[in-house]
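Open your viewer and get comfortable with the selection tool. We will go from one stop to the next, with a note on what to select each time.

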Amino acid sequence: MDLLPAKTPAALAETAASRIADLIAARPDAAVVVATGNTPLATYRVLGERVGRGDLDASRLRVFQLDEYLGLGHGDDRSLYGWMARAFLHPLGIPERNAVRLPSGAVDPDAACRAYDAAVRDAGGFDLAILGLGPNGHLGFNEPPSDRAAPTRVVTLSPESVASNAAYWGGDPARVPRQALTAGMDLLLAARHTLLLVSGAPKRAILRRALDGPPTADVPASWLHLAPKVTVVADRAALTDGAP
Ligand code: GLP
C-alpha cells in the first residue's frame, strides 16, 4: 500500500481528484466503484469543477454503487444511490444509465447481489475503487468480521455503523436502516487500483490498524494489503498524533 499524506482535507481532495482524473484520462470508460459518506465529497467537488471547466470528461465512466441500505421505499431521501447521484454522477456529467445499482427495494436481495456480481464481471472487474474507511474498519458495508472472500451480500449493520451513519441523517439512529447491501470484499480486493480516502482524527487509530496489519477479518480494510495497487490518501489529522 502506498501512503500519500496530505496536509489538509482540501489537499487530500486535490490529490485524490488528480489521481482519479489521471485514471479517467487513461481509460475514459473505466469501471469505478464509488463510495458515499462524507470523506470523498470534497474530492467529487474538485472533479465536478474540472468537468465544469472542460478539463475532464467523465461521461463514459461505468459507475458501480458501493453499498446501499436495504428496504427503503422509492424516493426515500436516505438512499445511498441518491447520494451518489447527487455527489458524483450529476456533477461529473455521468448519465444515470451508466450506473449499476445495489437496489434498496429489491424483492429478492440475494438475486440482486448476484445480478450486481454479474454486471461487475461483464465489466471486466473494477478498474478503480474509491473507498472511505468506516470507523470500525469497514469497507462499503463489509462489517467486521469480514473475510477477504466475503461476497456481495445482505449485511446487518454493527451498532458502530448505525451510530456513525446516524450523523448523515440528522443524528437520529432510528433513521438508519439496520440492514444493507454491500459490494463484496472479493470484488473490492480485485480492483486494479484502489484509492482509500481517510480524513480526521477520529479515524487515526483504525487507519493505523489497517496500515500496520496484519490483514485480519476484524479490520476489513487491512485486507487491502492483498490488493494489487492501493493508494491511501490521508490528511494530517488522520495520520499524526496532536494534529489540529
Ligand atoms: C459508511 C459507508 C462507507 C463509507 C464509510 C466512511 O458507513 N458504508 O461506504 O465509506 O462509512 O464514511 P465517512 O467518509 O463519512 O467517514
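Here is a short tour of a predicted model, with a domain, a ligand site and two peptide bonds as its stops.

Before you click, note that numbering starts from 1 along each chain as its sequence is written. In this predicted model, local features need pLDDT of at least 70 and side-chain atom pairs count only at pLDDT 80 or more, while totals for chains, interfaces and linings use all residues; side-chain values use heavy atoms, with hydrogens and water left out.

**Stop one: the domain.** Select residues 10–225, where an unreviewed UniProt entry places "domain: Glucosamine/galactosamine-6-phosphate isomerase"; such annotations may be inferred rather than shown by experiment. This stretch is 35% helix and 15% strand, and its end C-alpha atoms are 26 Å apart. Helices (H or I, at least four residues) and strands (E, at least two) are DSSP runs, numbered from the N terminus.

**Stop two: the ligand.** Now select the ligand and the 14 residues around it, of which N38, T39, D67, Y168 and K203 come nearest; a residue belongs here if one of its heavy atoms lies within 4 Å. By class, this shell has four nonpolar, eight polar and two charged residues, with Asp, Glu, Lys and Arg counted as charged, Ala, Val, Leu, Ile, Met, Phe, Trp, Tyr, Cys and Pro as nonpolar, and the others, Gly among them, as polar.

Which polar contacts (pairs of N or O atoms within 3.5 Å) can you find here?

- K203: a polar side-chain atom lies 2.6 Å from a ligand oxygen.
- N38: a backbone N or O atom is 2.7 Å from an oxygen of the ligand.
- N165: a side-chain N or O atom is 2.9 Å from a ligand oxygen.

The protein covers 94% of the 390 Å² of accessible area (Shrake-Rupley method, 1.4 Å probe) that the ligand has on its own.

**Stop three: two cis bonds.** Select P144 and P145, joined by a cis peptide bond with omega about -5°. P145 is in the loop between β6 (128–132) and β7 (153–156). Then go to G213 and P214, where another cis peptide bond has omega about 0°; P214 lies in the loop between α7 (204–212) and β10 (230–235).

Methods: Polar contact = N/O pair within 3.5 Å; in protein donor to acceptor, adjacent residues only side chain to side chain.
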